Amino acid sequence: MIGEISTWFAVGALGMAFGTVIFAGGLLRADADVRKYYATLTAISGIATVAYVVMALGIGSVTVGDRTVFIPRYIDWLLTTPLLLAYLAMLVDPDRALFWKIIAANIVVIVAGFGAALLSGVERFGLFAVGGLAFVVLAYLLLGPLTRRSRGQRTESLFRGLRNLTVILWATYPIIWLLAPSGFGLLTNLTNVLLVTYLDLITKVGFGLIALNAGAVLREQLQSSSDSAPVGN
Ligand code: RET
């Protein structure tokens, strides 16, 4: 049972559904000014729940050469990675041009990776390199220009924490892609699915839980500083 790929997809579906319930519960109770944060997290884990259920049911996989490509995985990434980046951007409110550059680089990453996975010959490594290069641009935009926007904002430390989680964990995806059957075939498909499922859960549900927890602390601090203001000092 544990040795079956569909088991890991089912684990992923349960984890994503858990996150969706927590975030949707928060959305129902949220004040108007923070509703967009909850709505974004709910959409991210909701979309992933659907993708994992579909994959657990064995739907949407194609065979390329002697390996399997899970199409719902790439559709999930195409929809949810821009939402994760939008969440980061909402914390620091960048200008539109910078935001759309970030989204464009991200879309090139995922589309190139998807295209590469569908090719069976060595030319797929060329497309992988295009995706890798776009990822370097994306990481630069997050660590450079977007981080400069965050300076001095109240959300700066939350932004930095989530940005680091994002850049570090996202950088492991291309490494796994290369080691998996999509690249050099050093990992079995089962190990590949298991690793990516864990990563997806941390980058989506873990990201959301950290954001909500830190957001609550932030709000408390703001409230207590405004409560204590009239008393003096
Ligand atoms: C690919 C291959 C092409 C080169 C690069 C890749 C990066 C993928 C990433 C995926 C992130 C997914 C997330 C999912 C959340 O649940 C497409 C593997 C750079 C960064 C965060």
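This report describes the surroundings of the ligand in a predicted model and then turns to several individual residues along the chain.

## The ligand and its shell

In this predicted model, the ligand is surrounded by 15 residues, and the closest of them are Trp170, Tyr173, Asp200, Thr203 and Lys204. Sorted by class, this shell consists of 8 nonpolar, 5 polar and 2 charged residues. Five helices each contribute at least two residues to the shell, namely H3 (71-92), H4 (96-118), H5 (124-150), H6 (156-179) and H7 (189-228).

The space that the ligand takes up is the largest cavity.

## Polar contacts and coverage

Three of the closest residues also place polar side-chain atoms within reach of ligand oxygen atoms, as the following distances show. For Lys204, a polar side-chain atom lies 2.4 Å from an oxygen atom of the ligand. For Asp200, an N or O atom in the side chain is 3.2 Å from a ligand oxygen atom, and for Thr203 the distance from a polar side-chain atom to an oxygen atom of the ligand is 3.4 Å. On its own the ligand has 540 Å² of accessible area, and the protein covers 99% of that area.

## Asp93 in the loop between H3 and H4

Helices H3 and H4, which both supply residues to the ligand shell, are joined by a loop in which Asp93 lies. Although Asp93 is not a glycine, its phi is positive, at about 55 degrees. With a relative accessibility of 53%, Asp93 counts as exposed, because exposed means over 50%.

## Residues that are apart in sequence

Two pairs of residues illustrate how positions that are separated along the chain are arranged in space. Val69 belongs to strand E2, which spans residues 67-70, and at 4% relative accessibility this residue counts as buried, because the cut-off for buried is under 20%. The C-alpha atom of Val69 is 8.8 Å from that of Phe114, while the two residues are 45 residues apart in sequence.

Lys36, for its part, is located in helix H2, which covers residues 35-56. Its relative accessible area of 44% makes Lys36 partly exposed. Between the C-alpha atoms of Lys36 and Met90 there is a separation of 9.0 Å, and along the chain these residues are 54 residues apart.

## Pairs with C-alpha distances of 35 Å and 37 Å

Ile5 is found in helix H1, which consists of residues 5-29, and with a relative accessible area of 24% Ile5 is partly exposed. From Ile5 to Leu28 the C-alpha distance is 35 Å, for a separation of 23 residues in sequence.

Ser157 has its place in helix H6, one of the helices that supply at least two residues of the shell around the ligand. At 61% relative accessibility, Ser157 counts as exposed. The C-alpha atoms of Ser157 and Leu187 are 37 Å apart in space, and the two residues are 30 residues apart in sequence.

Terms used: Residues numbered from 1 in each chain as written. Predicted model: local features only at pLDDT ≥ 70, side-chain atom pairs only at ≥ 80, totals over all residues. Heavy atoms only, no water. Near = heavy atom within 4 Å. Polar contact = N/O pair within 3.5 Å; in protein donor to acceptor, adjacent residues only side chain to side chain. Areas by Shrake-Rupley, 256 points an atom, 1.4 Å probe, with all protein chains shown as cover. 1 Å grid on protein atoms, 1.4 Å probe; cavity = no way out; pocket = protein on both sides within 12 Å on 5 of 7 lines; lining within 4 Å. Sits in = over half its atoms within 2 Å of the grid points. Helix = DSSP H or I, 4+ residues; strand = E, 2+ residues; numbered from the N terminus. Nonpolar A, V, L, I, M, F, W, Y, C, P; charged D, E, K, R; others polar. Buried < 20%, exposed > 50% of the residue type's maximum accessible area, 1.4 Å probe, protein only.
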